[in-house]
Protein chains: 2
Amino acid sequence: MEGLQVIPVRGIPEVGEGADLSAVLLTAMEKQGLRLIDGDVVVIKQKVVSKAEGRVVRLEGVTPGKRAKALASRQGKDPRLAELILRESVRVVREGHGVVITETRQGFVCANSGIDRSNVEEGYAALLPVNADASARKIRRSLEAHARKRIAVVVTDTFGRPWRKGQTDVALGCSGILPLVSYRGMKDEFGYELRVTEPAVVDEIASASELVSGKLERIPVTIVRGARYRRGEAGAKSIVMERERDLFR
Amino acid sequence: MEGLQVIPVRGIPEVGEGADLSAVLLTAMEKQGLRLIDGDVVVIKQKVVSKAEGRVVRLEGVTPGKRAKALASRQGKDPRLAELILRESVRVVREGHGVVITETRQGFVCANSGIDRSNVEEGYAALLPVNADASARKIRRSLEAHARKRIAVVVTDTFGRPWRKGQTDVALGCSGILPLVSYRGMKDEFGYELRVTEPAVVDEIASASELVSGKLERIPVTIVRGARYRRGEAGAKSIVMERERDLFR
């Protein structure tokens with residue numbers, strides 16, 4: 001088929017700490033009669049990676065400090081969640097209207113340090129993977145070894161953005177794919193040099209995947225087939241804009 | 001096929017002012033043996049819409065004012081381009097490092113009021129459509145009348161974003177599709193109520209389309225098939241965050 005396909009991987013069970021995600025994935029794909037081919041991008045939601053990596057925290061065991069209590073009171077949040085938000089961040093970028101935007105230890109700017117309580121057991125919260133690029137790399141290597149194909153892996157999360165309502169899925173981690181496609185110095189058909197054009201192909205792949213995975217069914221993984229990208233190991237962390245170039249920090 | 005497909009529409013010729021885009025599109029699709037089906041989303045790049053609507057300006061005919069000259073000098077831009085950027089915006093949100101971020105008359109926050117010089121003749125610049133929702137509506141109605149299918153149309157542009165390098169395609173205008181899918185009040189499988197989850201499905205569709213259309217080949221249109229969305233007429237303008245809720249204006 002010409003163009004791009006996003007194929008849902010069905011039948012992935014609830015995973016716990018220590019789960020071998022690549023094995024879980026290959027089993028589910030096999031049941032579905034789905035085989036990886038060279039160039040496929042396996043797109044995995046952060047939540048399932050966090051669960052496999054034991055990044056799920058019981059709120060009862062969290063003791064909020066003074067800063068967390070103050071933040072929680074200002075923004076109407078659970079003080080234990082506020083404590084986790086502060087622990088997982090290097091600073092609060094903005095707060096207001098019940099929203100707390102932080103910069104995570106990995107450099108991502110997002111709501112609540114990426115912590116959320118959906119799709120986890122009641123009384124628990126899921127933190128982001130410590131290093132989603134490393135998570136993606138580990139899964140890619142294992143999938144490639146088993147399937148004997150060259151593929152890429154993208155770990156995604158759902159982020160809001162300034163100026164526009166709603167959220168889109170973006171890449172938190174990736175392996176086997178360069179996050180940006182650079183057109184710098186290339187010329188369009190009128191001879192005009194494209195100077196700043198660098199599509200964030202990992203984020204576009206994350207968004208394409210979300211159209212299929214949604215939020216309610218258990219489809220934490222999709223296969224994006226037919227995307228053009230360059231193979232490489234820069235990681236999604238390389239997409240974080242340098243502070244000195246960023247007009248919005 | 002299960003899942004989502006993004007199909008390129010090939011063979012679309014260069015269009016000029018007054019071109020009937022739906023006729024151009026249907027001709028190209030027919031040559032390709034491609035037929036619209038119910039639920040298809042026709043995704044069209046802003047540039048081709050701007051050209052058809054005569055929103056291409058010859059820079060030689062633009063006389064920069066005092067503000068434009070000062071802005072151009074501060075940010076190293078062509079003063080005539082700076083003049084157009086100011087004319088097409090209601091205010092400058094940020095400037096620095098040669099970048100000018102403005103709020104357009106439609107409320108979109110983007111670089112250079114969305115004006116750019118790629119893929120237009122030398123000495124010219126393309127402005128955004130005056131009302132991309134109206135552009136989308138007109139094309140949708142005409143396509144639906146000819147194809148006798150219920151479809152949606154999204155007009156896209158390439159926007160940068162704070163905190164992350166690179167750009168993604170987003171929706172400037174849409175018709176036949178509600179921009180956001182609301183999960184508010186719905187519960188996940190653990191019984192947790194999703195309170196703020198509203199995927200910006202039009203923006204995700206725009207991004208998925210960019211993976212196929214790219215920047216260099218002449219593929220200004222794709223068909224996104226198999227996306228789940230709600231039919232409606234809110235328009236992409238409804239996605240602009242209210243100023244009083246926006247933490248970044």
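## Strands across the chains

Strand β1(A) is joined to β1 of chain B, residues 4–8, by 3 bridges. The two strands run antiparallel. Within this pairing, V6(A) stands opposite L4(B), a residue of β1(B). The model is a predicted one.

## The contact between A and B

How many residues does each chain bring to the contact? Chain A gives 62 and chain B gives 63.

On the side of chain A that touches chain B, five stretches give two or more residues each. Four are strands: β1 (4–8), β4 (89–96), β5 (99–104) and β9 (164–175). The other is the helix α6 (201–213). Which element gives the most? That is α6(A), with 9 residues.

Sorted by class, this side of chain A holds 30 nonpolar residues. Charged residues number 19, and polar residues 13.

## An open sheet in chain A

β4 and β5 of chain A also belong to an open sheet. Its 3 strands follow the order β4-β5-β6, with antiparallel pairing. Why is one side of β4 and of β6 (109–111) left without a neighbour in the sheet? Both strands of chain A stand at the edges, and each has a single partner strand, so one side stays free of a neighbour. On average, neighbouring strands of the sheet are turned by 30° against each other, direction ignored.

Now take one pair from this sheet. β5(A) and β6(A) are linked by 3 bridges in the antiparallel sense. Which residue stands opposite T102(A)? It is C110(A), in β6(A).

Conventions. Residues are numbered from 1 along each chain as its sequence is written. Chains are lettered from A and ligands numbered from 1 in the order in which they are written. This is a predicted model: local features need pLDDT of at least 70, side-chain atom pairs count only at pLDDT 80 or more; totals for chains, interfaces and linings use all residues. Two residues are in contact if their C-beta atoms, placed from the backbone, lie within 7 Å. Ala, Val, Leu, Ile, Met, Phe, Trp, Tyr, Cys and Pro count as nonpolar, Asp, Glu, Lys and Arg as charged, and the others, Gly among them, as polar. Two strands pair if DSSP finds at least two bridges between them. Axes are lines fitted to C-alpha atoms, for helices over the stretch in contact, and angles run from 0 to 180 degrees between N-to-C directions.
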